[in-house]
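Trainee: I should be grateful for a close look at one part of this model. Please take a single helix and describe how its neighbours pack against it.

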Amino acid sequence: MSDLSYISLRGNRAYNTVVRPDFELYFEASKNIYHPVDNPHGTFPLNVADNNLNWSILSKKLQHISATQKIPHWVSGYTSGRGHETFRAALAEFVGNFLANRPLDPENIGVAAGATAVIELSAIILADKGDVAVFPAPAYPVYSRDIMNKAGVERYDLITHHDSDAIHHGPILSIEHLEKAKQDIEYQGSNFKLLVVTNPDNPTGGLYTAEQLETIADWCIERKIHFIVNEIYGLVTINTKHPSIVTDYAHQHQFTSFLSIIHQKNSPYLHQWYALSKDIGISGMRVGTVYSLNQPFLSAFNNLSLPHMVSNHTQWLLENVLGDQKFMRNFLDAQQQALTKGYIVVVEMLKKLNIPFVPSYGSLFVWADFSKFLKTETLTGEMEFWENLYKNTGVLLTPGIGFGHTKKGMFRIVYTCFDDGALLVAMARIADYLSSLSKS
């Protein structure tokens, strides 16, 4: 048994706080991955947001750059804590052209080792220990760790609905919801300091409209609350006009980046988070960014970011990738095609099984309602179903615990870890298992 007296109180908290409840099974499943020939009885970890759909294309590009380009001298030395100037210039051009549809200033960008590092640094700089960050539920569970571990910022899950039917046409966050959350937080003696939304949303795939974002931004500016929009899934959007799914959408919403609103409002209370992990499919290369017109924030980011800096070699490699505009356009087109195919495989099976789900506009997920299969609509019932599904099928979903919503039996399905052929196998396994439950 470990003697925890040898580490600090912070260390004890870290020892006793798992990053997320599904990681142990994820790493178990990752040792036995399905392959149609080599391992047909293998597992399908569909619970972690990796985008592997076009790694073969990107890896060839990275290998070509490494083989043909001379590594510049700056790669071996120290650079700015906000990222090397040529990399930030490449990021500004790429994000400006493909996400924001407007010019961006590299001086407004901070770079850190992944979205997690950017979130953590933002919480440290923009809020004090005990302040509250509000997340419309359901929301990414690990936000809790990102804002709490070092910054000591509390998470507040803002409940806007119970049944997923309410958000079939997109997020329903309103000013009334925000006012109620503010009153609740202040009644508890705390300070509503940050509001964070993810767009496209994790886990629902919903889109906030430009009108929603502008209205919320005005409310936050007036109350001196920092409003952050996480656009980490901004370029992994689905072709919602595909004949197989077009009737699932009452409205053909398009993604609108928050970056234009940031410049329009010119406020120190508006910020954007971004990363290359999902859109480009390079989670392991650890590149996250923040964009803000708040210069004291960016200066503080520079001063605190030394433990979170991205490898100069990674910056150089990706500078060359992002700078090839033709390659990036073709790559992103291939991403949308593969993304749409995988999404269709999942939702067509859900429809056959009469499992409700939220029609997704983007991200890497389907948010599906398996509540009718729970023995009891409780957290215990939810976790029991999740574990039994994995044991009997080898398919591992993201459990609902930690997303902050009220309904039990909601699960997130990541459909970008396998090609559509493998996904068909995974969904068939789920169908067979649920059929056996109905007969028992």
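**Packing against helix α12**

Mentor: In this predicted model, helix α3 (residues 55-68) packs with α12 at an angle of about 160 degrees, and their axes lie 10 Å apart. Angles over 145 degrees count as roughly antiparallel, and α3 is therefore roughly antiparallel to α12. The crossing of α3 past α12 is left-handed. On the α3 side, the contact is made by Ile57, Leu58 and Lys61, which meet Phe327, Phe331 and Ala334 of α12. Sorted by class, the residues of this contact comprise five nonpolar, no polar and one charged.

The second partner to consider is helix α4, which spans residues 85-100, whereas α12 spans residues 325-352. Here the packing angle is about 45 degrees, with the axes 12 Å apart. An angle of this kind falls outside the parallel, antiparallel and perpendicular ranges, so α4 and α12 are oblique to each other. As for handedness, α4 passes α12 in a right-handed crossing. The α4 residues Glu93, Phe94, Asn97 and Phe98 meet Gln325, Met328, Arg329 and Leu332 in α12. This contact of α4 with α12 has four nonpolar, two polar and two charged residues.

Taken together, α12 offers Phe327, Phe331 and Ala334 to α3, and Gln325, Met328, Arg329 and Leu332 to α4. The crossing is left-handed for α3 and right-handed for α4.

Key
Residues are numbered from 1 along each chain as its sequence is written. This is a predicted model: local features need pLDDT of at least 70, side-chain atom pairs count only at pLDDT 80 or more; totals for chains, interfaces and linings use all residues. Side-chain values use heavy atoms; hydrogens and water are left out. Axes are lines fitted to C-alpha atoms, for helices over the stretch in contact, and angles run from 0 to 180 degrees between N-to-C directions. Helices (H or I, at least four residues) and strands (E, at least two) are DSSP runs, numbered from the N terminus. Angles under 35 degrees count as roughly parallel, over 145 as roughly antiparallel, 65 to 115 as roughly perpendicular and the rest as oblique. A crossing is left-handed if the near helix is turned anticlockwise from the far one by less than a right angle, and right-handed if clockwise. Contact means heavy atoms within 4.5 Å. Ala, Val, Leu, Ile, Met, Phe, Trp, Tyr, Cys and Pro count as nonpolar, Asp, Glu, Lys and Arg as charged, and the others, Gly among them, as polar.
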